[in-house]
Every structure is written in structure tokens, then in C-alpha cells.
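Let's take a walk through this one together, starting from a single residue and working outward. Have the viewer open as you read.

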Amino acid sequence: QMEAAKKGFVTPQMKVVAEQEKIDVTVLMERMAKGEVVIPANKNHKNLAPAAIGRGMRTKINVNLGVSNDCCQQDLELEKAKLAVEMKAEAIMDLSCFGQTRAFRKRLIEESPAVIGTVPMYDAVGFHHGHEFVDLTAEDFLNVVRAHAEDGVDFMTIHAGINRSTAERVKKTKRITNIVS
């Protein structure tokens, strides 16, 4: 979307957002080109109802859900997503970290028109369940990010605050859990 805005090309998503936000599409494109507004829209999210986030846009409602070791009932989480959309949520953050996360994510993207976000690190740790977190490689993590993008995820939260010093402390310290935000 940003590249299209920079080139002066109006996408169908921009038209929808401009109408929703009651803003001239040219102003929207200018803000997008400057990085002041984003329209998270993965081409693989076929039934997406686009929404814009940023300067001058309405505040959006986001709902957090997902399958975990505590609650791994996909149908229950999908029902929550359906209710969230009925209640006008524009975004859903899939925080899944246990079990069949990819199957759940694919169903969520297929069934929900809301903008879908994920936290690939949660999935990477869940996917490598039974292995030590410190054994997770950059390539392992990038493969998870790639899979989320291919599945149709519109935006991702990347935990990028770790450096070599922090990694060394993690290796030396007994942790109660593998990962927390």
C-alpha cells in the first residue's frame, strides 16, 4: 500500500479507507507515502475489510485472542473473532502460542474480514515446543515470519529488543517460562 501511494497509484483499499475515514484519497496517499498512515493489507487475506491506522484516522478497536496451552479450543476462539467483528472491531491480534497455531491462523484469516496481526515469536516458541528457547535460530524465526505472511497475516509484532548481552543473560539465567512480552 505504501509503495502504491508513493507511486501515486490509488488501490481499492485506499478508496475504501478514504470513504470510511471521510478523507480525500490524495491526502490519504500523501500521509501513507510519508509513513504517517498505514493500511495493513496482505494480498493473501482475501476477504479483508481494510482499515487505516495513523495520523488523522479514527481510533481502531483491536481484540486479542488465540489458542494457548490453557485454552486450545479453536472453535471457541473463532467464535470470539466473529463476535468481535459483529461488535465493530477492525483488528484482531492472534496471540496463539500452542497446538495447531497455523491451522487456527489460516481459519481466522479465511473467516474474518478484520485486519489480522500476529506475534511470530510466540508461534516460533510454540512450534519449537520441547526445545530450549536459546536454540531457536534466526532462520527458524524468519521461517515462522515467512509462514505468517504467506498465510495472509496483515501485520506482525516483532520482538526486536534483544541484543547479544541480553541473549547471554538469558542463556545463563534459569527462567520459569520460555518467553514473555
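**Starting from one threonine**

Beyond its neighbours within four places in sequence, Thr-118 is in contact with Met-93, Asp-94, Arg-105, His-148, Val-153, Phe-155, Met-156 and Thr-157. Keep in mind that this is a predicted model. Thr-118 sits in strand β5, which covers residues 115–118. So is this residue buried or exposed? Its relative accessibility is just 1%, so Thr-118 counts as buried, the cut-off being under 20%. One of its contacts, His-148, is also a polar partner: the two side chains make a polar contact at 2.7 Å.

Now follow two of those contacts, Arg-105 and His-148, into a helix pair. Arg-105 belongs to α5 and His-148 to α7, and they take part in the meeting of these helices. On the α5 side you'll find Arg-102, Arg-105, Lys-106 and Ile-109, facing Ala-147, His-148, Glu-150 and Asp-151 of α7. The axes of α5 (residues 101–111) and α7 (residues 138–151) come within 10 Å and cross at roughly 30°. That angle makes α5 roughly parallel to α7, because angles under 35 degrees count that way. The crossing is right-handed.

Next, the nonpolar cores. The largest has 13 residues, and those with the most contacts inside it include Met-14, Leu-28, Val-37 and Met-57. Helices α1 (2–6), α2 (12–21) and α3 (25–33) each give two or more residues to this core. Apart from it lies another core, of 11 residues, with Leu-65, Val-67, Ile-116 and Val-153 among them. Val-153 brings us back to the start, as it is one of the residues in contact with Thr-118.

Methods. Residues are numbered from 1 along each chain as its sequence is written. This is a predicted model: local features need pLDDT of at least 70, side-chain atom pairs count only at pLDDT 80 or more; totals for chains, interfaces and linings use all residues. Side-chain values use heavy atoms; hydrogens and water are left out. A nonpolar core is a set of buried Ala, Val, Leu, Ile, Met, Phe, Trp, Tyr and Cys residues joined through side-chain atoms within 4.5 Å. Buried means under 20% relative accessible area, exposed over 50%, partly exposed in between (1.4 Å probe, protein chains only). Helices (H or I, at least four residues) and strands (E, at least two) are DSSP runs, numbered from the N terminus. A polar contact is a pair of N or O atoms within 3.5 Å; within protein, one must be able to donate a hydrogen and the other to accept it, and residues adjacent in sequence count only if both atoms are side-chain atoms. Contact means heavy atoms within 4.5 Å. Axes are lines fitted to C-alpha atoms, for helices over the stretch in contact, and angles run from 0 to 180 degrees between N-to-C directions. Angles under 35 degrees count as roughly parallel, over 145 as roughly antiparallel, 65 to 115 as roughly perpendicular and the rest as oblique. A crossing is left-handed if the near helix is turned anticlockwise from the far one by less than a right angle, and right-handed if clockwise.
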